[in-house]
2 protein chains.
Amino acid sequence: MYDAFLAVCPSRQLLERISGKWVVLILSALGSGPDCTGDPRPMRYSELSRLLSGVSQKMLTQTLRALERDGLVSRTVTPTVPVTVTYELTDLGLSLHRLMRDVKAWAETNMDDVAASRVTYDEAGAR
Amino acid sequence: MYDAFLAVCPSRQLLERISGKWVVLILSALGSGPDCTGDPRPMRYSELSRLLSGVSQKMLTQTLRALERDGLVSRTVTPTVPVTVTYELTDLGLSLHRLMRDVKAWAETNMDDVAASRVTYDEAGAR
DNA sequence: GGTGTAACTTCCCGATGGGAAGTAGGCACC
DNA sequence: GGTGCCTACTTCCCATCGGGAAGTTACACC
């Protein structure tokens, strides 16, 4: 039905949306604790901001809004003082979380192989 | 050992590299035919260019080079005329291919749910 | 010598992401 | 009662990145 290989297919736009470092990291984070081993749980904006080191406030807000619009996370405002905003995976988001966590884990487990390959490649190019 | 949540961790840079629509599409394509159901097989530059509609030559070349440097694909030049260049998944690339194919499939199978969520979100915002 | 093709490569420009500073709004402190 | 602080944004500016199109190389065929 849908085919992301086609530029005009809506699934291509969706793929562009969900492929991106911040989406991978946010969905990985929301599904578990900092070590990414726990169960899915809601997290506060400030908690995400701290966990995803290097993320700008702008990108965090922007990415979370997009994920909310796409029905992957839900946003809850609690009128404490100051206000508390929590983000939680929806069922749909949970299904993608499992993939994203695997992608993040792949990067971490295969880092050494990739680094070795880069050294070999760069040495060959210097010849 | 590695933790992609940390901005300074090498695995973060690797995650940035492999998260991106063209990487997902190229690795999905190389692992199978146009319908993404076959076995991994080598593909020519021009074949990839045709399959991934909308990709610029610049981005295709650039992404393939990066994947080659990282040891995910191998590049073979056959001195026909004009030259034939084929790209093939390495074992390392094959392991990532399985994840990428799932991500692409996720986008295609969940497109309807996401589209529905967007409509709901936009309507609520218009109020 | 002109033409054609595959696989790039280069140049230009508009879009996108990061950094930093500004905003809202409610309470707490002096 | 005015100043300050806190969270969660929002805005502005600029550097980088991606897309589009044209140029390049190498050789074979006409």
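A polar contact here is a pair of N or O atoms within 3.5 Å; within protein, one must be able to donate a hydrogen and the other to accept it, and residues adjacent in sequence count only if both atoms are side-chain atoms. The model is predicted, so local features need pLDDT of at least 70 and side-chain atom pairs pLDDT 80 or more, while totals for chains, interfaces and linings use all residues. Residues are numbered from 1 along each chain as its sequence is written, chains are lettered from A and ligands numbered from 1 in the order in which they are written, and side-chain values use heavy atoms, with hydrogens and water left out.

Start with DNA strand C. In the side chain of B:Arg44, an N or O atom sits 3.1 Å from a sugar or linking oxygen of the strand. Phosphate oxygens of DNA strand C are met by a polar side-chain atom of A:Trp22 at 3.1 Å and by a backbone N or O atom of B:Val85, also at 3.1 Å. Of the strand's atoms within 4 Å of the protein, 67% belong to sugar or phosphate and the rest to bases.

Then there is the protein–protein side. Contact (heavy atoms within 4.5 Å) links 55 residues of chain A with 56 residues of chain B. The buried area, meaning the accessible area (1.4 Å probe) that the two parts lose on being put together, summed over both, is about 4900 Å², with carbon and sulfur atoms giving 68%. A:Phe5, A:Arg69 and A:Trp106 lose the most area on the chain A side, together 18% of what that side buries.

Eight salt bridges (a side-chain nitrogen of Lys or Arg within 4 Å of a carboxyl oxygen of Asp or Glu) run between the two chains. One of them pairs A:Arg69 with B:Asp122 at 2.5 Å, N to O.

Terms used. A residue is near a molecule or strand if one of its heavy atoms lies within 4 Å of it.
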